[in-house]
There are 6 protein chains.
Amino acid sequence: MKKPSALIISAHAADFVWRAGGAIALHADMGYEVTVVCLSYGERGESAKLWKQDDMTLEQVKQVRRKEAQAAAEALDVHDIQFFDLGDYPLDLNNEARNRLVDVIRSVQPDFMMSHSLWDPYNTDHMNTTRFVLEARMIAQAWGHNPGEKVLGAPQLYLFEPHQTEQMGWKPDTFLDITQVWHKKQAAIECMQGQEHLWHFYTNVAENRGNHFRRNSGGQAGGRNTEYAEGFQSVFPRTVDKL
Amino acid sequence: MKKPSALIISAHAADFVWRAGGAIALHADMGYEVTVVCLSYGERGESAKLWKQDDMTLEQVKQVRRKEAQAAAEALDVHDIQFFDLGDYPLDLNNEARNRLVDVIRSVQPDFMMSHSLWDPYNTDHMNTTRFVLEARMIAQAWGHNPGEKVLGAPQLYLFEPHQTEQMGWKPDTFLDITQVWHKKQAAIECMQGQEHLWHFYTNVAENRGNHFRRNSGGQAGGRNTEYAEGFQSVFPRTVDKL
Amino acid sequence: MKKPSALIISAHAADFVWRAGGAIALHADMGYEVTVVCLSYGERGESAKLWKQDDMTLEQVKQVRRKEAQAAAEALDVHDIQFFDLGDYPLDLNNEARNRLVDVIRSVQPDFMMSHSLWDPYNTDHMNTTRFVLEARMIAQAWGHNPGEKVLGAPQLYLFEPHQTEQMGWKPDTFLDITQVWHKKQAAIECMQGQEHLWHFYTNVAENRGNHFRRNSGGQAGGRNTEYAEGFQSVFPRTVDKL
Amino acid sequence: MKKPSALIISAHAADFVWRAGGAIALHADMGYEVTVVCLSYGERGESAKLWKQDDMTLEQVKQVRRKEAQAAAEALDVHDIQFFDLGDYPLDLNNEARNRLVDVIRSVQPDFMMSHSLWDPYNTDHMNTTRFVLEARMIAQAWGHNPGEKVLGAPQLYLFEPHQTEQMGWKPDTFLDITQVWHKKQAAIECMQGQEHLWHFYTNVAENRGNHFRRNSGGQAGGRNTEYAEGFQSVFPRTVDKL
Amino acid sequence: MKKPSALIISAHAADFVWRAGGAIALHADMGYEVTVVCLSYGERGESAKLWKQDDMTLEQVKQVRRKEAQAAAEALDVHDIQFFDLGDYPLDLNNEARNRLVDVIRSVQPDFMMSHSLWDPYNTDHMNTTRFVLEARMIAQAWGHNPGEKVLGAPQLYLFEPHQTEQMGWKPDTFLDITQVWHKKQAAIECMQGQEHLWHFYTNVAENRGNHFRRNSGGQAGGRNTEYAEGFQSVFPRTVDKL
Amino acid sequence: MKKPSALIISAHAADFVWRAGGAIALHADMGYEVTVVCLSYGERGESAKLWKQDDMTLEQVKQVRRKEAQAAAEALDVHDIQFFDLGDYPLDLNNEARNRLVDVIRSVQPDFMMSHSLWDPYNTDHMNTTRFVLEARMIAQAWGHNPGEKVLGAPQLYLFEPHQTEQMGWKPDTFLDITQVWHKKQAAIECMQGQEHLWHFYTNVAENRGNHFRRNSGGQAGGRNTEYAEGFQSVFPRTVDKL
């Protein structure tokens, strides 16, 4: 029988770590096969530290970033990580890449998907990725696309936390307790040697989302004693049997 | 051990029937004790049919509406229905009423609460009720309000479906399958003799929300075969262990 | 047979002139009986020029402002102008005033109503007025309010143009050509001796809304040659037989 | 003299039927020449029922869908229906197609246009179509595009009703009474053999929009006795001589 | 000559510390006279730790909270702190209190004002305070309110950071570098013995806003080396001589 | 030492004049080197008057428009004006043009940038330009784009005033006093011979924004006596040392 699965689409190599590392590790622990697609290595736009070194080449940056991402994926018990190598700043989101993503979606048949916020004036790669993911999700649901393949159902698309939430118009509707896998997320974060300036930032985020979890689960009147959490925004409504 | 419970705050006597009847009956079936508070009977503003009769008095209208609401509550297996009799069009949402609602909230200790949309230019009673409920929820969480009483945790506040969703800025994030209790909701609807013109309307709503449930649970690729559903908008984020 | 009618609710004595003077004069020309309700004289908050004079009293300011408003109303062919004298900055929007407004609404049975924008951080009197008007409209529609009176239908509520449209979140969906009555609006504007600094401002507004009218009616490819216009935002959807 | 005309741009073959069939038939009755442009047949994404049959080919699906759309157009008294055959899921909205649409717009010189909602996370074809239509409308207004041709004025662009209005951020500002042509819309709907699961859904929509029409035209105090209606959102402000 | 001044309106005793402590200390350093108005002590709703002690009374809680707030104000070099003692959960925002606030505003003649977010479904005291402040600001600008007094100009109203920014729809447009006064804010925070669970949370907030400051001032390409910052949302547009 | 600088990106040749002429002249006066990039001449879509002349060709229109724009730039003391000649209605915003813009941004190293509103249903060129500018800004910040070049910091992107502000969802947060350079803006406006119908319109806009400046700087209680102003919306938060 098919295991539960999840698919995370990350514009640049490190996004899945900061923004969804806890969700990945937690669901891997629960038996989910989590696939991560990195559309680029963030080689041009998110590797300043490397570029400040002498004689650096694009190929070298990509290799370093790939290794870091693979190490982080391992720390998070990712089932499969794929690098689309589309270039970054800007991403080249062409038709071939889109069909490749549709193939991955259909192959993974995810119970949920994850990607970036809908708006990001600092980083158009992020918002373009989400639009690209919505398009691929739609195609994967089309009975006439590669007829005979298993058609995609209607998995939720969660938008993970951007760097400046309010500027991106991102509003979390779901907080996930990641306390028990925090050590894994921390280990994954520390794989990202090129962005050490963000380690403390995202630790603070996790702690403060822990506070929000406690407050929203009851606060001092029975709230959960969560230490670390992640927040997500849902694109689609949930379908439930119980409120 | 305390049974699970829910608290529905309805501006007028019939609102809980059209908008949350399925959720009430379904959770009652699951063992929830559901309490309904009707802030008014809708005696002035939502009883046109009665007022068209000769020699009608306010007291008579209130009695008829009360009986209808009680019959509907019974059909839905409501645990307790309370009438605050605050007058309608407009509701008189005074301090005494607020404290009374706080008492009910603390007594019920609901796992979730329900009320109207945040905005309603047609019916200010509806949006004023929701503001009033938010205020009462806040007071019920205050350790210094009636010290010694059990303080409220952080129950979700669901906003049930208004009459013209788009005009009210209401966006459902949760669809609940009410197929198995539809016969009870239908029976409750038919208790509302004074608003027969709405029976068919809300049957259509339930069928079309059933369609939305099917679509969002997978559509033709594995979606649930739901016939009737209700939609709700959440005010607060959820706290979960699994996405 | 009843003439067509309109009801304008103005927080302060001059608001109806700047913001709806053209609509009033134009519909008066078409045979509408236009009633204006001024909730206050704007005696405290919108009469700076008068207060700079020596020995001015509140009563004197109110008298001057009343005369100006009456003269403006006459210039616009207003059918009836009523002063509720509720005080301003802030308005005292009490229950008695609300019932008085409901009586006016039921008596006028307006084909359309008009009031302020929904949000105004500069002037809470404005946004409180609109909320008050929505409440009164709702009560006027209630069959159980003063049973036997003619119940209100569902007249549109137009929101007229505030002083800083973008800050108030006001978006016009309707432009009205007031070219043929501009001379009346101009005459009415010039009745407002206490706010001469606004005459030129609102002339500019009328000219630029004329430009928007031209553009939206076809521009250089068949647009109307409108010189002066007013803009309005509708609260409720229209019901039509033709698009 | 030129007859009045309208132009409906439909992403997939059936959209114009569910969403604007009543408006089309009604205006045809009034003497409008209504042109429908179907950008695709919906052959891949909206033909699940056909693809479940054995040995189906893309060409066959397109033929079936084309026939259904033509039959529906006939039932609605459409003046002209054009199939751009751009492929679907996703639409290939290329420059050539855009110029072709500009040609149609200039040729039809529509009194109003219609297309999809501005946002649709379920179906990017829909929102991409609207953006494409806005672009084509702009080009058709350019005096330097094919100089000498008759330049477009400023027709309204109405957005017709999407499948899940609240998720698409669609808010109707106009309800059209389609009672007298409902039988034609029903006949057109029944031409869409491949999407029988939507017949009942859109009948419910039409009935409930009829209720909204009644309510917004006066409700129990003089409202129109409308049985079926359609709702539309306007992109541009109206220019009028009377409110 | 009058010193520059600022006025902070805090719903409960501790709000000004968490949310604006840095801005207060920094401007005090620059010679501003900063006045803080605490509308309540937060005695019922934000003193859970105290209420868990035996034999606690409302009066005792208020005294403890008052002392903490005074100590914090001293640590921040506040010029004047006033306690309106209006009660909390809910605040009693009556006319007398409003006039008292108007008096303070006119007396302080602040160069800028500060208060809470416009929306807060968790804590209606917060949003009611902001509405109350907007009303008082409007009255303070009225030439006819206590004629002869110096009338208020148009100071900015900054909204300080709420506890869950995204849920409150709060979006900062201004980041203030508070690195040089961080030790004062920290000292003030540690005066709030009753809310020790929030110390770490707001330290994280200050650090992460420091990161946002660095990023928005140039990031790795010349950004300021800010360690701690606070964010604010402006209600009104700025008027400047240079962009 | 490098002079301060600004970069204005204008979709069509005249946009920078109407919408930012005052800001340009004022900052030039203060010693800024202001560069203007015109992505097109507006030759097809904004040159109706020219196209109404006999025997006009695209090349001629472009020449006339170029001369007008150059004359306007001179009147405003623009340091450098560049014409990308990408065609208009629609703009062809290809990769080569984007890299060219990135080169300009890196070369100018602007203290602030300016472009169009984020939304414009009348003119997709405008909103596409802003998206294009955000993308180019992001690339200019990438250390791996043309390594060795000076990387861009984080200049503000101001959105200048569109033609119908409310329809474009544009909200100014900054008003700039341009009284002292108004004569230069007026002279520049009068260079635009092909759009004489807009001269008066934008003079009215400048006067009314002057009124908004006065009001927001203190009104009758100490407000600045500004006669002409321009409004701008900021995309990014400001980083400051003083509120």
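The crossing of α7(C) and α7(F) is left-handed. This is a predicted model. In it, helix α7 (residues 199-216) of chain C packs against helix α7 (residues 199-216) of chain F at about 140°. Their axes lie 9 Å apart. Below come this helix pair, two mixed sheets that each take a strand from another chain, and the relations between chain copies.

**Helix α7(C) against helix α7(F)**

- Two packed helices are described by the angle between their axes and the distance between the axes.
- For α7(C) and α7(F) the angle is about 140°. Angles over 145 degrees would count as roughly antiparallel, so this pair is oblique.
- From α7(C), the contact is made by H200(C), F201(C), N204(C), V205(C), E207(C), N208(C), N211(C) and H212(C).
- From α7(F), the contact is made by H200(F), F201(F), N204(F), V205(F), E207(F), N208(F), N211(F) and H212(F).
- The residues of this contact divide into 10 polar, 4 nonpolar and 2 charged.

**The sheet of chains A and B**

- An open sheet of 8 strands runs in the order β3(A)-β2(A)-β1(A)-β4(A)-β5(A)-β7(A)-β6(A)-β8(B). Its pairing is mixed.
- The edge strands are β3 (80-83) of chain A and β8 (238-240) of chain B. Each of them pairs on one side only.
- From one strand to the next, the twist averages 25°.
- Strand β2 (residues 33-38) of chain A runs parallel to β3(A), and 4 bridges join them. Within β3(A), Q82(A) stands opposite V37(A).
- Helix α7 (residues 199-216) of chain A packs on this sheet. The helix touches β6 (174-177) and β7 (229-234) of chain A, together with β8 of chain B. Its direction makes about 110° with that of β6(A).

**The sheet of chains E and F**

- Another open sheet has 8 strands in the order β8(E)-β6(F)-β7(F)-β5(F)-β4(F)-β1(F)-β2(F)-β3(F). Here too the pairing is mixed.
- β8 (238-240) of chain E and β3 (80-83) of chain F stand at the edges. Each has a single partner strand, so one side of each is left without a neighbour in the sheet.
- Neighbouring strands are turned against each other by 25° on average, direction ignored.
- At the chain boundary, β8(E) runs parallel to strand β6 (residues 174-177) of chain F. The two are joined by 3 bridges. V240(E) has L176(F) as its bridge partner in β6(F).
- α7(F) lies across β8 of chain E together with β6 and β7 (229-234) of chain F. The helix runs at about 110° to β6(F).

**How the copies are related**

- A rotation of 180° with 0.0 Å of shift along its axis superposes chain D on chain B, with an RMSD of 0.0 Å. That is the relation of a two-fold axis.
- The same surface serves both copies: 100% of the contact residues of chain D recur in chain B.
- Which residue of chain D comes closest to the rotation axis? N204(D) does, with its C-alpha at 2.7 Å.
- Chain A is laid on chain B by a turn of 180° and a shift of 0.0 Å along the axis, with an RMSD of 0.0 Å.
- In chain A, D173(A) comes closest to the rotation axis, at 4.8 Å (C-alpha). Again the same surface serves both copies: 100% of the contact residues of chain A recur in chain B.

**Chains that do not touch**

- Chain A and chain C make no contact. Their nearest C-alpha atoms are 18 Å apart.
- Chain B and chain F are not joined by any contact. Their closest C-alpha atoms lie 18 Å apart.

Methods:
Residues are numbered from 1 along each chain as its sequence is written. Chains are lettered from A and ligands numbered from 1 in the order in which they are written. This is a predicted model: local features need pLDDT of at least 70, side-chain atom pairs count only at pLDDT 80 or more; totals for chains, interfaces and linings use all residues. Side-chain values use heavy atoms; hydrogens and water are left out. Contact means heavy atoms within 4.5 Å. Copies are superposed by least squares on the C-alpha atoms of residues with pLDDT of at least 70 in both. Axes are lines fitted to C-alpha atoms, for helices over the stretch in contact, and angles run from 0 to 180 degrees between N-to-C directions. Angles under 35 degrees count as roughly parallel, over 145 as roughly antiparallel, 65 to 115 as roughly perpendicular and the rest as oblique. A crossing is left-handed if the near helix is turned anticlockwise from the far one by less than a right angle, and right-handed if clockwise. Ala, Val, Leu, Ile, Met, Phe, Trp, Tyr, Cys and Pro count as nonpolar, Asp, Glu, Lys and Arg as charged, and the others, Gly among them, as polar. Two strands pair if DSSP finds at least two bridges between them.
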